[in-house]
Amino acid sequence: MKDIRHNGITYSASPLLASKTPVWRSKFVVAALALGFAGLGARAAYVQVIGNDFFQRQGEVRFARTLELPANRGRVLDRNGLILASSVVAQSIWAIPEDVDKSDPKLKALARLLDMPLSVLKKRLADEDKTFIWVKRQVDEPIAKEIAALGIAGIYQRREYKRQYPEGESAAHVVGFTNVENRGLEGVELAFDRQLSGKDGSRRVIKDRLGRVVEDVRDVIPPVDGPDLQLSIDSKVQYFAYEKLRDAIKTHKAKAGSVVVLDTQTGEVLALANYPSYNPNKRLNLSGEQLRNRVLTDSFEPGSTMKPFIAALALDKGLVRPGSQIQTAPGRISIGGSSIGDTHPHGVLTVSEVIQKSSNVGTVKMAMQMHPREMWETYAQAGFGQKPQVPFPGAVTGRLRPYKSWRPIEQATMSYGYGLSASLFQLAQAYTIFARDGELIPVSMVKSETKTTGVRVFSEKNATAVRKMLELATGPGGTAPMAQTMGYSVGGKTGTARKQEGKGYADKKYRSFFVGLAPVEAPRIVVAVMIDEPTAGQYYGGLVAAPVFSETVQQTLRVLGVQPDMSVKPQIVTEFVEESF
């Protein structure tokens, strides 16, 4: 091959190399390269300057995460500082499905530790399109350690908080419970949820595909723990009241029951219990019957427990005096073509004896001397037909119809507790009128050290006179001698009401209740008890509910350090008067 020289430059003898290249081609190549670099520069400018926010967000979506730093929920304490609800550390198990070997024999051990069938576990891990799934929330710490020891690839743990309730069933309807997200669902946990929750913190980080934190991208915002909440409840009183209520329901083969204890000096709720109840630590398969806070959510016709209010109103209006005589013979009275009667004829009774023996006829004769508006105003001032001012969800208002619609027979039946409805909580609060010398006091679920002031409903003189009548009702010849308490004077009123079914009343279905106070001279507590549908033969409030009152009063006054005001000796019941209802 020969070399060819041209203008001093030697070319190979190859014909391709020897051909002369057109100038426009080289210029085109250079221009194309320049244009390409210009496009890359424009794209770089767009990515780095113009569209920077968009691409930054896309990167953050893939790798940046905001980790929630949960605040520790505040504790719920009783009045003495004993724990009713607290949070403990609990690990939650999560997984990246595509990283889990479904044939790993360790999965069988994992399913056993999580108390779930292996098939259910594998089904949860089957969705490999997801990069995060919960396997089980809030497992106990010992179980979490065993799971970690298995070392299964793709299975991870996250620290959370789980609520524990040391008092269990006895305080369940007071405290309530939270869900796995630590949000209140029932009771105080729901009513004070915002206060107890605190404020969660956060941490902005970059994670790799395995969920490991690579670096922080901003300062950590620390969580603010929720403050503790101290209730007015006394754990000792609460447990004892619940225990005695439960025993009475089982003894009388009743459907359900409730009890509430109020401090008449401060208006604090010392106990609030229902049966049936539930264990807030184990809430599987709960029924509505167990969850119902009957003290606040169930309303019923209060029956004879309304009679003292009629007596007090009659005294205030100057219609009668405690010793005024009322003819109740022959034990029946006709109002508007309807007949109202007593269980037994009593003849002539004083006003005090009308309350002592729970005479319907005597009560109706006092009530029919009043204008319906006067009765309605008194009932309303006592809190009936008004929503209780407590932060519990579901507290009922009850029913008190406008007085303008009352017919004479309705005015008569309302005087002894038929034709209106109230909750046990409303009834207990109403009886603070007689404990506080005529004043209705507000009630509180939160601890308070100061004596509360009330709203006057009756004069001090007449409220004290009715309190003496209530004491007679618990003594010999009264309807509730079984309410007597060793060492303490007591006063109260029984109630026995037929249960409504449809537009009428059920045959042989009753609610039995008792509301009272102690000690009589200087009342410190009001206790209300309701037993729903006792079926063991006895159903009068004086036989079914009064004994629960007696035992609860004795224990509560001892816990409060109230000195006995009577000789401490067993009370012997020699006579029981069946109340009229």
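Which residue in β5 is the bridge partner of V76? In β5, that partner is A85, and I will use this pair as our way into the structure. Before going on, I should say that this is a predicted model, in which local features need pLDDT of at least 70 and side-chain atom pairs count only at pLDDT 80 or more, while totals for chains, interfaces and linings use all residues. Residues are numbered from 1 along each chain as its sequence is written, and side-chain values use heavy atoms, with hydrogens and water left out.

Let me stay with β5 for a while. The helices (H or I, at least four residues) and strands (E, at least two) that I name are DSSP runs, numbered from the N terminus, and two strands pair if DSSP finds at least two bridges between them. Strand β4, residues 76-77, runs antiparallel to β5 and is joined to it by two bridges. The two form a hairpin with five residues between them, and in the turn G81 has a positive phi of about 90°. With strand β7, residues 155-164, β5 shares ten bridges, again antiparallel, and here S87 has R163 as its bridge partner. Strand β6, residues 133-139, is joined to β5 by four bridges, also antiparallel, with Q91 standing opposite V139. As for its surroundings, ten of the 13 residues of β5, which spans 83-95, are buried (under 20% relative accessible area, where exposed is over 50% and partly exposed lies in between, with a 1.4 Å probe and protein chains only), so this strand is largely enclosed by the rest of the structure.

Now to another sheet, which is open and consists of five strands in the order β12-β11-β23-β22-β21, with antiparallel pairing. At its edges stand β12 (269-275) and β21 (491-501), and because each has a single partner strand, one side of each is left without a neighbour in the sheet. Neighbouring strands here are turned by 10° against each other on average, direction ignored; axes are lines fitted to C-alpha atoms, for helices over the stretch in contact, and angles run from 0 to 180 degrees between N-to-C directions. Within this sheet, β11 (residues 256-263) and β23 (residues 525-532) pair over eight bridges, and L262 has V526 as its bridge partner in β23.

Which helix lies across β21 and β22? That is α20, residues 460-473, running at about 75° to β21. Helix α20 also packs with α13, residues 307-316, at an angle of about 145° and with the axes 9 Å apart. In this contact (heavy atoms within 4.5 Å), P308, A311, A312, L315 and D316 of α13 meet N462, A465, V466, M469 and L470 of α20.

Two further helices deserve a word. In α15, residues 360-367, seven of the eight residues are buried, so this helix is largely enclosed by the rest of the structure; among the buried ones are N360, V361 and G362. S359 caps the N-terminal end of α15, with a side-chain oxygen 3.4 Å from the backbone nitrogen of V361. Finally, Q554 is found in helix α22, residues 546-559. Is Q554 buried or exposed? At 15% relative accessibility it counts as buried, and, leaving aside residues up to four places away in sequence, Q554 touches T485, M486 and Y488.

How values were computed:
A polar contact is a pair of N or O atoms within 3.5 Å; within protein, one must be able to donate a hydrogen and the other to accept it, and residues adjacent in sequence count only if both atoms are side-chain atoms.
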